[in-house]
Amino acid sequence: MDKFVINLSKDRSNETVAILKLDDQQITSHKKIKMDTCYESSKTENKLTGTASNTISKNTMSMEDESLDTLPVESPNKSTLSKPIIDTNCDPCQGKENAYYLLSNGFGPYQPKNYDFPKRGGRKFRSEWFISFPWLEYSPSKDSAYCFYCRAFPSNKSDITFISEGFRQWSKACFKSFPKHEQSVPHKESSTKIAGYNEAKQSGSIINKVNTQYKQEVAENREYLKCVLETLLFCARQGIAIRGHRENEESQNKGNFQELLNLRSRDNDIIRRYFTEKEKNFRYVSGEYLNEFLGYMANIVIRDIVDNVLIANIFSIIVDETQDLSKHEQVAIILRYVNNDFSPIEAFLGFYKVESTDGLTLSLLIKNVLISNGLQLKCLRGQCYDGAASMRGAYKGVQSRIKEENPLALYVHCNAHILNLCLVDLSKQISHVRSLFGTLSTLHNFINASSKRQAVFDNMRSKLNMKMGDGPSTLKDALESLIFNYQVVIDSLENISENDSIHGSDANSLLKSMKTFEFLFCVNFFIDIMSITNILSKYLQSSNIDYSSVQHMTKATIQELSNMRCEDKFDMIWSKANVMRIDNEICSPILSRKSKVPKKLGGVLDTIISDMKERFKENDIHILNCMQDIIVNEPTKFTSFQDVSTMYGFNESELKAETKIFNRMYRSLNTENTIQSKIKYMRSGDNAIGFPTLAKLYKLFLTIPSNSAACERSFSCLRRLKNYLRSTMGQSRLNHLGILQIERERSLNINNDEVIKQFDSSTIPRRLKFNNF
């Protein structure tokens with residue numbers, strides 16, 4: 001549609017109107033200014049002879065008089081006119097778009113009253129006709145009459161004479177043609193549309209009112225659904241059950257989700273109206289819709305993880321499997337990547353049920369999960385599993401099958417599992433250690449198997465004023481708890497042995513095993529060993545450790561265990577055990593020779609030390625040692641640069657140059673030569689930009705995982721989610737809930753508008769409307 005620039009100006013002696021019709025594609029802003037200037041000049045000289053009258057008869061359209069502007073134009077004296085200047089931009093011959101534009105800006109028909117109308121066949125147009133026919137307008141350029149109403153709102157049956165061609169038969173105008181046109185159906189339709197248009201401008205159209213109401217309804221629907229999503233996400237992040245056993249109106253407990261909505265309805269008007277009072281027929285709280293919402297939210301979290309992995313470009317996988325309460329094999333998959341701050345991130349990708357746990361099935365599962373999430377196997381740089389044969393097998397294990405397709409995917413045996421295997425071997429190979437842990441296991445089962453025996457134990461503890469503490473979290477804590485409660489345990493067993501005719505013999509057997517100097521000595525000895533290995537165990541479960549830290553920590557632990565094999569350490573443990581023996585009136589040991597480090601004690605230390613050296617040697621990987629040499633050591637071996645560049649495609653000369661310059665800059669500000677301090681320095685400033693090749697090496701080194709503890713932590717979540725009350729939970733729902741709970745920080749940032757958009761864009765029609773278009 002043509003656009004217009006309307007200039008209105010007033011003079012003391014008269015009022016003039018000029019409507020300049022401009023086309024944006026033809027007239028530039030410079031030309032617009034020029035035309036405005038020319039018009040103001042002509043107005044000042046009072047050369048305008050035509051007038052624009054927009055007066056509409058009150059007898060015909062009273063409502064239109066209030067909406068259309070009437071602009072009377074007084075012409076100058078005819079004696080001062082040289083030649084009339086016609087305003088061609090408001091001339092009716094411009095077309096129907098011109099009329100609608102004038103109407104939308106508050107103007108009416110073009111009616112020059114004091115114009116000297118030319119004669120045609122002895123007759124001419126008369127200005128008195130404007131009063132009798134208010135819809136009439138005149139075109140000076142064509143000396144023709146038009147209908148303003150029909151031009152503004154034409155119909156298919158409108159007379160083109162009064163729209164585009166123009167009426168010129170003045171002899172038939174007043175008594176025949178004009179009245180006939182005014183009584184025609186198309187003209188009456190146009191007049192009705194004019195009246196409706198003017199009414200809509202004053203009070204608003206029905207379409208606008210309906211649109212406003214629709215927008216308000218959509219806003220309320222979206223607000224309600226956001227409340228539902230917030231409540232559902234809260235239940236998912238907390239790991240609590242969502243649905244109840246019965247959710248009908250008669251139920252007293254409809255489940256955490258609906259009960260929480262009822263609680264929120266007390267101070268939330270939109271929830272009260274939609275959920276409690278059921279203002280709408282559809283509430284979206286059934287299990288089908290909740291599963292759909294959980295799926296949308298979990299997919300948003302997964303997409304965020306994948307986007308970050310794609311930015312990092314390289315990643316590693318951590319995989320482990322366990323059996324849930326329904327006896328289904330659940331595989332947990334973790335992605336490890338390094339962000340731009342050189343911080344390693346381990347993100348949970350989901351639980352996946354498998355029918356078999358052989359190497360082929362698990363390797364196919366891993367590849368399918370990566371491909372389905374848009375990740376390429378060629379970007380895989382590390383894989384960390386436990387010591388199961390199906391995972392670490394050199395020929396048919398998962399790691400070997402993955403390496404066949406991507407040789408750069410280094411396999412790392414979980415270091416935390418390695419340490420656990422060393423302790424298990426120790427408990428099996430040494431007879432005294434085997435007896436110790438067997439006695440502890442029997443004692444635990446014996447006390448907990450009966451509430452009466454547990455009551456005897458609690459009563460003995462209360463008599464001795466011993467407070468109940470938290471349960472032991474590690475083996476070291478369990479041994480220390482036994483030493484602390486040793487007198488209580490002995491008194492409890494003696495009480496049970498004397499008073500319980502059925503299980504008294506079992507209690508007596510435990511007494512004979514525990515009331516010996518050998519038992520006390522082994523407990524104190526293993527407390528010292530576990531104090532050392534427990535530090536390493538906790539350290540190896542961290543997600544932030546790297547290969548270099550594991551190597552240093554393991555060597556330090558082995559050295560500390562070696563230092564225990566001395567006379568001083570033996571004498572200290574002997575003294576502790578002997579004090580407990582005297583306090584509890586236990587027979588002294590029979591010594592056949594001077595007390596010194598016994599062969600059995602040395603065997604315990606030698607066994608765990610040799611086992612740790614042998615098992616941790618499995619993760620002594622050459623290429624990782626080369627990367628560690630480049631990052632930490634100065635000078636760096638030439639072969640390290642060569643091997644790393646050859647395997648990963650780095651430019652060897654650039655890597656050497658960047659390493660030398662970076663190390664020189666680092667030494668000028670730091671004295672500590674550790675990988676953590678160098679990573680911190682690389683993170684500062686724009687060092688990653690200045691040393692791009694070395695920064696890639698740092699990220700690659702940190703991407704390699706050292707443990708699969710993240711999978712073990714996800715199994716803890718699995719046991720909370722799928723308990724005996726929720727054992728029939730479907731796999732997709734279990735997976736989505738696991739993602740939302742384990743990735744709590746990411747799920748907290750879920751955009752509910754995006755969830756609503758996905759929900760509304762589904763092919764299934766929705767009962768409530770959530771979009772304005």
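In the predicted model, S761 is exposed, with a relative accessible area of 55%. This serine belongs to the segment that follows helix α34 (752-760). Its C-alpha atom lies 9.6 Å from that of N771, a residue 10 positions away in sequence. A further exposed position is E585, whose relative accessibility is 72%. E585 is located in the loop between α23 (567-583) and α24 (599-616), and its phi is positive, about 55°, although the residue is not a glycine. A positive phi, near 55°, is also found at K278, again a residue other than glycine. K278 sits in the loop between α10 (269-276) and α11 and is partly exposed, its relative accessible area being 39%. Another backbone feature occurs in the loop between α25 (622-632) and α26 (638-648), which contains P635; the peptide bond leading from E634 to P635 is cis, with omega near -5°.

The protein chain as a whole contains 34 helices and 11 strands. Of its 773 residues, 48% count as buried. Among contacts in the chain with a separation of 6 or more, 69% join residues 24 or more positions apart.

The largest nonpolar core comprises 84 residues, and the members with the most contacts inside it are F257, Y284, F293, F315, I317, L335 and Y385. Helix α11 (residues 287-312) gives the most to this core, contributing 14 residues. The surroundings of Y284 were examined in more detail. With residues up to four places away in sequence not counted, Y284 touches L225, V228, Y289, L290 and F293, and also F759, R766, R767, L768 and F770. A second, separate core of 59 residues has L482, A507, M564 and I608 among its members.

Helices α21 and α22 form a packed pair. Helix α21 spans residues 517-540 and helix α22 residues 547-563; their axes are 10 Å apart and meet at an angle of about 175°. Because this angle is over 145 degrees, α21 is roughly antiparallel to α22. On the α21 side, the contact is made by I529, I532, T533, I535, L536, Y539 and L540. The α22 side supplies S549, V550, M553, T554, T557, E560 and L561. By class, nine of the residues in this contact are nonpolar, four are polar and one is charged.

Two residues of this helix pair illustrate its surroundings. T554, in helix α22, is buried, with a relative accessible area of 6%. Once neighbours within four places in sequence are left aside, T554 is in contact with L536 and F616. D528, in helix α21, has a relative accessible area of 12% and is likewise buried. With residues up to four places away not counted, D528 touches M564, K569, M572, I573 and K576. M564, one of these partners, is also included in the second core.

Burial was also assessed for two helices of 12 residues. Helix α32 (residues 731-742) reaches 16 Å from its first C-alpha to its last, close to the 16 Å expected. Nine of its 12 residues are buried, so α32 is largely enclosed by the rest of the structure. The buried residues of α32 are R733, L734, N735, H736, L737, G738, I739, L740 and Q741. Helix α30 (residues 692-703) likewise has 12 residues and a reach of 16 Å, close to the 16 Å expected at 1.5 Å a residue. Nine of the 12 residues of α30 are buried, and the helix is mostly covered. In α30 the buried positions are T693, L694, A695, L697, Y698, L700, F701, L702 and T703.

A final buried site is found at F178, which is placed in helix α6 (residues 173-182). The relative accessibility of F178 is 0%, and the residue therefore counts as buried. Its contacts, leaving aside neighbours within four places in sequence, are with W129, F133, W135, L136, A145, F162, F167 and A173. F167, one of these partners, is 11 residues from F178 along the chain, and the C-alpha atoms of the two are separated by 9.5 Å.

Technical notes. Residues numbered from 1 in each chain as written. Predicted model: local features only at pLDDT ≥ 70, side-chain atom pairs only at ≥ 80, totals over all residues. Heavy atoms only, no water. Axes fitted to C-alpha atoms, helices over the stretch in contact; angles between N-to-C directions. Helix = DSSP H or I, 4+ residues; strand = E, 2+ residues; numbered from the N terminus. Parallel < 35°, antiparallel > 145°, perpendicular 65-115°, else oblique. Contact = heavy atoms within 4.5 Å. Nonpolar A, V, L, I, M, F, W, Y, C, P; charged D, E, K, R; others polar. Expected span 1.5 Å × (residues − 1). Buried < 20%, exposed > 50% of the residue type's maximum accessible area, 1.4 Å probe, protein only. Core = buried A, V, L, I, M, F, W, Y, C linked by side-chain atoms within 4.5 Å.
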